[in-house]
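Biologist: Could you take me on a close look at one part of this protein, the annotated lysine, and then step back to the domains around it? I'd love one connected walk-through.

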Amino acid sequence: MFLRGKEGKFMQFREINPSPRTLMTPGPVEADPRVLRAMSSHILGQFDPEFTALMNETMEMERQVFQTNNRQTYVVDTTSRGGLETVLTGAVCPGDKVLIPAFGRFGYLLAEILERCGAKITLLEREWGTVFDPQEIEDALKKDSYKVVACIHGETSTSMMQPLDELGEICEKYEALLIVDSVATLGGAEVKVDEWKLSACIAGTQKCISAPSGSALITYNQQVEDIVKARKRVEKGIRTADDIAGKLPGIPSNYLDLGQLEDYWSSRRLNHHTEATSMQYAVHEALRCILEESLEVRFARHNLNDKALVAGLRAMGLTIFGDLAHKMPVVTAINIPEGADGKVIRGMLLNEFGIEIATSFGPLDGKILRIGNMGYSSQKRNILILLGALEAVMLANGVKVPSGEAVAAALAVYEKEEK
């Protein structure tokens, strides 16, 4: 299509027609086709009873996926990082003490967000590729009084998954809230909000939920809800006589204001913002697909595909990075073979095979490659095609790997499971 641009010159603009890709990164991943179809549905008004009924269904399905009975369980029209900022800046006031066990890039992100809103941060740091023993966190809680412990569940920068089953009890013992980033794990691994006593939990849509990026899923308990109520300020143009300002400092963001978002998602339907209708369709359908498959079956699928992938990579002679006892079932990191260039490997996979995998960050940049096994992308077909393609790319780059053994090893895992 040609249109006249500046100075009368004609410019050509491309039609949106992306190349087909197999996304095997730690996010984004392929959206379920049913989600994409749902997004093309007719736009409804945000207060149309048909649309608000869908919002209510979304909240109920979200509770089931988070495995919680929290009343405040809803969606924020923002990315997963925006969801983290929404919950953290709503639950944490300036001057509050926060303990952050950081074992990869995204633990430092939590600190970055909280420092900007005036929290007093204490970082516990561990070597990338490891996780914390719960006792280490308890020892830190004994030394000082913290309002919040904020941590990552699945650290995609390292492929490690922090055990949480004991941490909620520990935080409760020391009267600290436990706020968890489950962006990489929700929908692909167990996240038991109530059983693990998580005070708040945040996820995104572009990973195991298998929808496009653009929505954040959040849930939080009564303790956090009470803090939000004490910080609540309804904007003047829509305020009523019943909207009394809370006694704690107000939440610094208007858009990411938990107090007003609660009212938007409640029966009050406060006119806070215009809902991203098509993304709401996407979240609703993605959650419906998860529950139709069932959490148990879905987690088993991710575990099986992870097992086959690891078997294939090892058969190729590649080594898996990190503490394998705590590796995520939805991300696998491999050490780049000596003499190989990770950028070249990734580029060839993308350009020759249409498969995308990821590099890493910070101290691991150029040392590992990360492979996602998430949501709709977590398929036997994708695992086998990736292994075959990676073998060809390694051979083309002078890495000596045994021909055919990677795919054979993965197939053996699947065949054993099917018997």
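Modeller: Happily! In this predicted model, Lys207 sits in the loop that links β11 (200-204) to β12 (216-220). The unreviewed UniProt entry marks Lys207 with the annotation "modified residue: N6-(pyridoxal phosphate)lysine"; that label comes from the record.

Is Lys207 buried or exposed? Its relative accessibility is 10%, so Lys207 counts as buried, the cut-off for that label being under 20%. As for what surrounds it, if you set aside neighbours within four places in sequence, Lys207 touches Pro26, Gly27 and Val29, along with Thr156, Val183, Ala184 and Met374.

Now for the wider setting. The domain assignment splits the chain into domain 1 (33-291) and domain 2 (295-418), and their C-alpha centres are 30 Å apart. Where the two meet, domain 1 contributes 30 residues to the contact and domain 2 contributes 25 residues.

How much area do domain 1 and domain 2 bury between them? The figure is about 2100 Å², with 69% of it on carbon and sulfur atoms. On the side of domain 1 that touches domain 2, the elements giving two or more residues are the helices α2 (49-66) and α4 (105-116) and the strands β8 (154-155) and β9 (160-161). If you are curious about charged pairs, the count between domain 1 and domain 2 is 0 salt bridges. Polar contacts do link domain 1 with domain 2, though: 8 residue pairs are counted, both partners at pLDDT 80 or more.

Key: Residues numbered from 1 in each chain as written. Predicted model: local features only at pLDDT ≥ 70, side-chain atom pairs only at ≥ 80, totals over all residues. Heavy atoms only, no water. UniProt positions renumbered as here; feature names shortened; annotations may be inferred. Helix = DSSP H or I, 4+ residues; strand = E, 2+ residues; numbered from the N terminus. Buried < 20%, exposed > 50% of the residue type's maximum accessible area, 1.4 Å probe, protein only. Contact = heavy atoms within 4.5 Å. Domains from an automatic or database assignment. Buried area = accessible area lost by both parts, 1.4 Å probe. Salt bridge = Lys/Arg side-chain N within 4 Å of Asp/Glu carboxyl O. Polar contact = N/O pair within 3.5 Å; in protein donor to acceptor, adjacent residues only side chain to side chain.
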